[in-house]
Amino acid sequence: MNDDVTPPEPEATAVAELRSIRQSIDNIDAAVIHMLAERFKYTQRVGHLKAESGMPAADPDREQVQVARLRSLAAEAHLDPAFAEKFLNFIVAEVIHHHERIAGRDE
């Protein structure tokens, strides 16, 4: 056995683990951004279809179903359903804004 090996300092170990965890968080953030970009590509297509068909930008019935679905998914994933709803509401508000702009109805 080599007695000359000094175990790492607790702070150095924590710093190394913190760096690793933060790298994972950064990777997840990048994935979230890419997924949001993909989602908005599809919502832009929806906006054009709605505008061409004279449909309203907002669809409260669909939004209500989506809120319930995401709250359920959040609960299953051990994420606060209220947070998931706030997140979805933020995204939906932006989508509606895009749809209004596409339709030329900057409301």
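Here are some notes on the fold, the side-chain contacts and the pockets of this predicted model.

1. Overall fold. The protein has three helices and zero strands, and along the sequence that reads as α-α-α. H1 covers residues 10–53, while H2 takes in residues 60–76 and H3 residues 81–102.

2. Overall shape. Don't expect a ball here: the radius of gyration is 22 Å, whereas a compact globule of 107 residues would come in near 13 Å. Along the principal axes, the C-alpha atoms fill a box of roughly 80 × 25 × 20 Å. As for burial, 17% of the 107 residues count as buried.

3. Salt bridge inside H1. Searching the whole structure turns up two salt bridges. One of them joins the side chains of Glu-38 and Lys-41, with an N to O distance of 3.3 Å. These two residues sit three apart in helix H1, so about one helical turn separates them. Glu-38 is partly exposed at 35% relative accessible area. Lys-41, at 52%, counts as exposed, because the cut-off for that class is over 50%.

4. Salt bridge between helices. The side chains of Glu-85 and Arg-71 also form a salt bridge, at 2.6 Å from N to O. Here the partners come from two helices: Glu-85 is in H3 and Arg-71 is in H2, so the pair ties together parts that lie 14 residues apart in sequence. Both ends are partly exposed, Glu-85 with a relative accessible area of 25% and Arg-71 with 32%.

5. Aromatic contact. What does the search for aromatic pairs give across the whole structure? It finds one. The partners are Phe-83 and Phe-87, whose ring centres are 6.4 Å apart; the ring planes meet at 20°, so the pair is stacked. If you check the distance by hand, note that the cut-off for pairing is 6.5 Å between centres. Both residues belong to helix H3 and are four residues apart, about one turn of the helix. Each is partly exposed, with relative accessibility of 45% for Phe-83 and 37% for Phe-87.

6. Largest pocket. This one holds about 420 Å³ of space. Its lining has 13 residues, and those nearest the centre are Met-35, Leu-70, Leu-79, Phe-87 and Ile-91. So which helices contribute to the lining of the largest pocket? H1, H2 and H3 do, with at least two residues each. By class, the lining comes out as twelve nonpolar, no polar and one charged. Phe-87, from the stacked pair, is thus one of the residues nearest the centre of this pocket.

7. Second largest pocket. Here the space is about 350 Å³. It is lined by 17 residues, and Arg-39, Thr-43, Arg-62, Val-95 and His-99 are the closest to its centre. H1, H2 and H3 again supply at least two residues each, and H3 gives the most, with six. The lining splits into nine nonpolar, three polar and five charged residues. If you plan to look at the two pockets side by side, the class counts are worth having to hand: one charged residue in the lining of the largest pocket, and five in the lining of the second largest.

Note on methods. Residues are numbered from 1 along each chain as its sequence is written. This is a predicted model: local features need pLDDT of at least 70, side-chain atom pairs count only at pLDDT 80 or more; totals for chains, interfaces and linings use all residues. Side-chain values use heavy atoms; hydrogens and water are left out. A salt bridge is a side-chain nitrogen of Lys or Arg within 4 Å of a carboxyl oxygen of Asp or Glu. Buried means under 20% relative accessible area, exposed over 50%, partly exposed in between (1.4 Å probe, protein chains only). On a 1 Å grid over the protein atoms alone, a cavity is a set of points where a 1.4 Å probe fits but cannot get out, and a pocket is an open set with protein on both sides within 12 Å along at least five of seven lines; lining residues have an atom within 4 Å of a point. Grid points are joined across faces, edges and corners, and a volume is the space filled by probe spheres set on the points. Ala, Val, Leu, Ile, Met, Phe, Trp, Tyr, Cys and Pro count as nonpolar, Asp, Glu, Lys and Arg as charged, and the others, Gly among them, as polar. Rings of Phe, Tyr and Trp (its six-membered ring) pair if their centres lie within 6.5 Å; planes under 30 degrees apart count as stacked, over 60 as edge-to-face and the rest as tilted. The radius of gyration is taken over C-alpha atoms; the globule rule is 2.2 Å times the number of residues to the power 0.38.
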